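Visitor: Could you walk me through the model and tell me how each label is earned?
Guide: Gladly; here it is.
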Amino acid sequence: MNKDKLKIGIYELTGCAGCALLITDCEMELIDIFNAADIQSFLMVKSDNIEGELDIALVEGSVTTENEIEELKDIRERAKVVVAFGLCASVGGIQARFGNKEWKENYQKIYGDMEMTHTKPVQSKPIDAYIDVDLYLPGCPVGKEQFLHFFTRVLKGAPPEKYPRPVCVTCKYNENDCLLNKGIPCLGPLTADGCGSICPNHNLPCTGCWGPAEGANPTSEYFLLKEKGFDIEAIKKRMSNYSGTKLAEFFEQFKKESK
Amino acid sequence: MKIVKLKKTNLFLFLEIISKEADFWAPVKKSPDKHIFEVIEDFSKINLDYTRTILPPKKIMLPSDFNMFQASNTKYTPDFSHVSKKIIFGIHPCDIHALVIMDKFYSHEYNDPYYQKARDNTLILGHSCWPDEYCMCKSTHTHVVKEGYDLFFTDLEDTYVVWIGSSRGDDLIRLKPELFDEDLTDKDIQNFSQRREERDKAFTNDINFEAMPDLMELKYQNLLWDKLGEACLACGSCTNVCPTCNCYNVEDKPILGKNCSNISRCWDSCTLENYSGVAGGENFREKRSDRLKLFYTHKLQSYISKYGKPACVGCGRCVVTCPVDINVYTVSKSLDNEEVDTFWNRLSKEVTK
């Protein structure tokens, strides 16, 4: 193996594996990717995986079992840089939208008292609930251009600036007529950019699948949608769909209210 | 300055002659009630019955995202591929004023070659307009133009009165002089004056921009800014649609498999969280209210102090764009102690309940 190349491991926890699949979908760039990096472990594409020291670990999916907690901790110990790769790893994904109490009830409803022999399930959480994460790349799945840009910069030792901006920025670049202003419940202002505002480009409202943008203002959007006549429960559901654990603090205020 | 007349039926013929070697930008319909500037080949797509486009013509000079140069360890290759011969037709007085402001901005201390080259290659063919309830250009004195255009078309039913604003504009007329009539009749002049008078009366907005620098100073610690900060979605739309906002961010985009990088430039927005972030992770304006103060200080105060006029041309884009009603109109009126019915006022009452 080439000593100059950075050693990379790509791991999948609980998720749809779409982000890892996206890497294999970079067909024109695959040779460049494998030439530029020493891919040590990538279960989806190769069988001779080596689990040793790593320069960079890309971790996809959220943590939902005790085995995954152990696996994640092992990855952290071996890797110099850990990247939360995709929405589930970054914020917990759709499976992390429930609070602990709700999760326990749901679990009971579906599995009852069934004994789990292989591993014990835990409430779904993003990977930074268990380990220190160096870099985040949200997306559901991560965009191809976004991944290649991120990956190339990480390889060059210059990860992209953490520059949080919402979907609205690209949406305006694309000169779309603002859906929110037309009374359509678009989550563009709350959602991290990276998708190229693909839904508003097709006149469909943003559903928030890149997860909450840093610096977003959920309170204002919530009251704005409420004022536009949307049902409170429907707004909460829409806003919590992809926000994982990141808007927990925001939703906490409603629990206090209802008490 | 010279003034000529063009029959409306001859417009397309004239446009065809002048646009042969240039990208021809004109307003077209994007949705039933929204317009955008677009490169067109079919003149029948032109829609001059518009008030404002979603994005201002600054996008034609400097695209929202473009490559500035390519750099490797040994070489630096500038990239001016965004520069081409362009004609912008149908641009309104407020947007022409905005370009004049941009011209100053990008040349007063450091000449920005990316703007300058694009601007030098662009002909400005203005067109008269009619205000709607959001237009504030009479208050900013940008509803009429005296400079910044090559030709300016004033619509008088079946003819255009065409003002020639530059020698480049004159050259265009000379490509087909027989289309133009140099003799304006008394009737034409009367029609022109009458239109001007009626248009002046059609403005419904009046903002006291002269008072803004003082009011900004006096109300810098006012609770108004907290209210605005509470509601601001920090979406960056106000700055993106503003024809005079010119901040940008520069990013390295290394090319996979090659030992070089594209250095790209995209529009930035002072209302975004990391705009005032610096090395070491510090951020001078973490609060949304502080960022809005920066934006409005620039528009309503510091630019007036420096250049004698606001950095707002009254186009009304922020008014129709901001989902939470934070715009030059509502902010100016509030600074001037007028009660305005806005989402941010209502939100403030809602959250303090």
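Guide: Let us start with a definition: contact means heavy atoms within 4.5 Å. By that rule, 40 residues of chain A and 48 residues of chain B take part in the contact. This is a predicted model, where local features need pLDDT of at least 70 and side-chain atom pairs count only at pLDDT 80 or more, while totals for chains, interfaces and linings use all residues. Residues are numbered from 1 along each chain as its sequence is written, chains are lettered from A and ligands numbered from 1 in the order in which they are written, and side-chain values use heavy atoms, with hydrogens and water left out.

Visitor: What is the area buried between chain A and chain B?
Guide: About 3,400 Å², with 56% of that from carbon and sulfur atoms. Buried area is the accessible area (1.4 Å probe) that two parts lose on being put together, summed over both.

Visitor: Why is the pair E350(B) and K226(A) called a salt bridge?
Guide: The rule asks for a side-chain nitrogen of Lys or Arg within 4 Å of a carboxyl oxygen of Asp or Glu. In E350(B) and K226(A) the closest N and O atoms are 3.3 Å apart, so the pair meets the rule. Across the interface of chain A and chain B, five salt bridges are found.

Visitor: Which helix of chain A gives the most to the side that touches chain B?
Guide: Helix 9 of chain A, with seven residues. Helices here are DSSP runs (H or I, at least four residues), as strands are (E, at least two), numbered from the N terminus.

Visitor: What makes helix 8 of chain B roughly perpendicular to helix 13 of chain B?
Guide: Helix 8 (residues 224-231) and helix 13 (residues 343-351) of chain B pack at about 90 degrees, their axes 9 Å apart. Angles of 65 to 115 degrees count as roughly perpendicular (under 35 is roughly parallel, over 145 roughly antiparallel, the rest oblique), so this pair earns the label. Axes are lines fitted to C-alpha atoms, for helices over the stretch in contact, and angles run from 0 to 180 degrees between N-to-C directions. Among the residues making the contact are L228(B) of helix 8 and W344(B) of helix 13.

Visitor: What is notable about the backbone of chain A?
Guide: Most residues other than glycine have a negative phi, and most peptide bonds are trans. A cis peptide bond joins C140(A) and P141(A), with omega about -10 degrees. P141(A) sits in the loop between strand 7 (135-137) and helix 6 of chain A. S197(A) has a positive phi, near 50 degrees, and lies in the loop between helix 7 and helix 8 (198-201) of chain A.
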